Amino acid sequence: MAQSVVQVRAMWEDVTGTPLRADHRAAFLRRPEAAALAALPRVVIELAASTTVARCGELRLSTWLDAAVVQRATAPPLRIELVPSTCWWSNLRSELPAEQWAVCKRWSSQRASRRCEICGECGPRWPVECHERWQYLDGDRPRMQRLVGLISLCPACHQATHMGFASVSGHLDQAMAHLGAVNGWSPEQCAAHLADSQSVWECRSRHEWTLDVDWLVHALGIDVVVKRPAALS
Ligand SMILES: [Zn+2]
């Protein structure tokens, strides 16, 4: 989500480890680049700040803004992630024993300090939900649906990633509005991304996928028995 110019200034001081002098603090707030940064999603300018400091060793407002604009254009922070209809075993919550799912949720929320890892916000009734990140390897045979991580998302961001479910549950407009707000996208850009996601979903849903959840073993020490049968090559 967008933030205030004061929050942008605090981020600059935090990332650079350099408290500004009083006169420079006031001047910072008047800079047009600071206002432009404030209008961008927090996750975008945070990533742009850290990559710019790593690359340049300093954080000028102009180079920070340039990096943030590129970051937003090339890697939108919030994406629709439609799970193929042929992936029968794609929901860890329903398949893991309750105690193992509890370990996943606890690990994810603690790592994220109970804040959304995309927009930095929290939900009104509970702060975050655990979201599975999948990779679909269709160059391999059999095709592989691989778990590559768990992240914490606020309910609004989580709903937007599962746009298909948002649609059938009557929350499509709300989820699309959130997608646009987080990514700084127009309604037309959101619609284009949804169409792209649906096209990818239709392609993937024509195939069977073998499930790979070894990530749970390596990252969390959870040993899981996969229930979905291996896909035929
Ligand atoms: Zn969020």
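The crossing of helices α1 and α2 is right-handed. This pair belongs to a predicted model, and the report begins with the pair before turning to the chain, its domains and its nonpolar cores.

**The α1–α2 pair**

Two packed helices are described by the angle between their axes and the distance between the axes. The axes of α1 and α2, the latter covering residues 22-30, come within 9 Å and cross at roughly 125°. The two helices are therefore oblique to each other. On the side of α1, the contact is made by Val5, Val6 and Arg9; on the side of α2, Arg25, Phe28 and Leu29 take part.

**The chain and its domains**

The chain contains twelve helices and three strands. Its C-alpha trace spans about 65 × 40 × 35 Å along the principal axes. Of its 233 residues, 27% count as buried. Among contacts between residues at least 6 apart in sequence, 65% join residues at least 24 apart.

Two domains are assigned: domain 1 comprises residues 5-74, and domain 2 comprises residues 92-220. Their C-alpha centres lie 28 Å apart. Where the domains meet, five residues of domain 1 are in contact with six residues of domain 2.

**The nonpolar cores**

The largest nonpolar core has 32 residues. Within this core, the members that touch the most others are Leu37, Ile45, Ala68, Ile118, Cys157 and Ala160. Several helices each supply at least two residues of the core, and they are listed below.

| Helix | Residues |
|---|---|
| α1 | 5-16 |
| α3 | 32-38 |
| α4 | 42-56 |
| α5 | 61-74 |
| α8 | 155-161 |
| α9 | 163-168 |
| α10 | 172-183 |

The largest share of this core, five residues, comes from α4. Domain 1 and domain 2 each provide at least three residues of the core.

Ala160, one of the members that touch the most others in the largest core, may be examined more closely. Apart from neighbours within four places in sequence, Ala160 is in contact with Leu78, Ile80, Ala166, Ala175, His178 and Leu179. A second, separate core consists of six residues, including Val83, Leu211, Val213 and Leu216.

**Summary**

In this predicted model, α1 and α2 cross in a right-handed manner. The chain is divided into two domains, 5-74 and 92-220, and the largest nonpolar core draws at least three residues from each of them.

Methods: Residues are numbered from 1 along each chain as its sequence is written. This is a predicted model: local features need pLDDT of at least 70, side-chain atom pairs count only at pLDDT 80 or more; totals for chains, interfaces and linings use all residues. A nonpolar core is a set of buried Ala, Val, Leu, Ile, Met, Phe, Trp, Tyr and Cys residues joined through C-beta atoms within 7 Å. A residue is buried if 20 or more other C-beta atoms lie within 10 Å of its own, exposed if 12 or fewer, and partly exposed in between; C-beta atoms are placed from the backbone. Helices (H or I, at least four residues) and strands (E, at least two) are DSSP runs, numbered from the N terminus. Domain bounds come from an automatic or database domain assignment. Two residues are in contact if their C-beta atoms, placed from the backbone, lie within 7 Å. Axes are lines fitted to C-alpha atoms, for helices over the stretch in contact, and angles run from 0 to 180 degrees between N-to-C directions. Angles under 35 degrees count as roughly parallel, over 145 as roughly antiparallel, 65 to 115 as roughly perpendicular and the rest as oblique. A crossing is left-handed if the near helix is turned anticlockwise from the far one by less than a right angle, and right-handed if clockwise.
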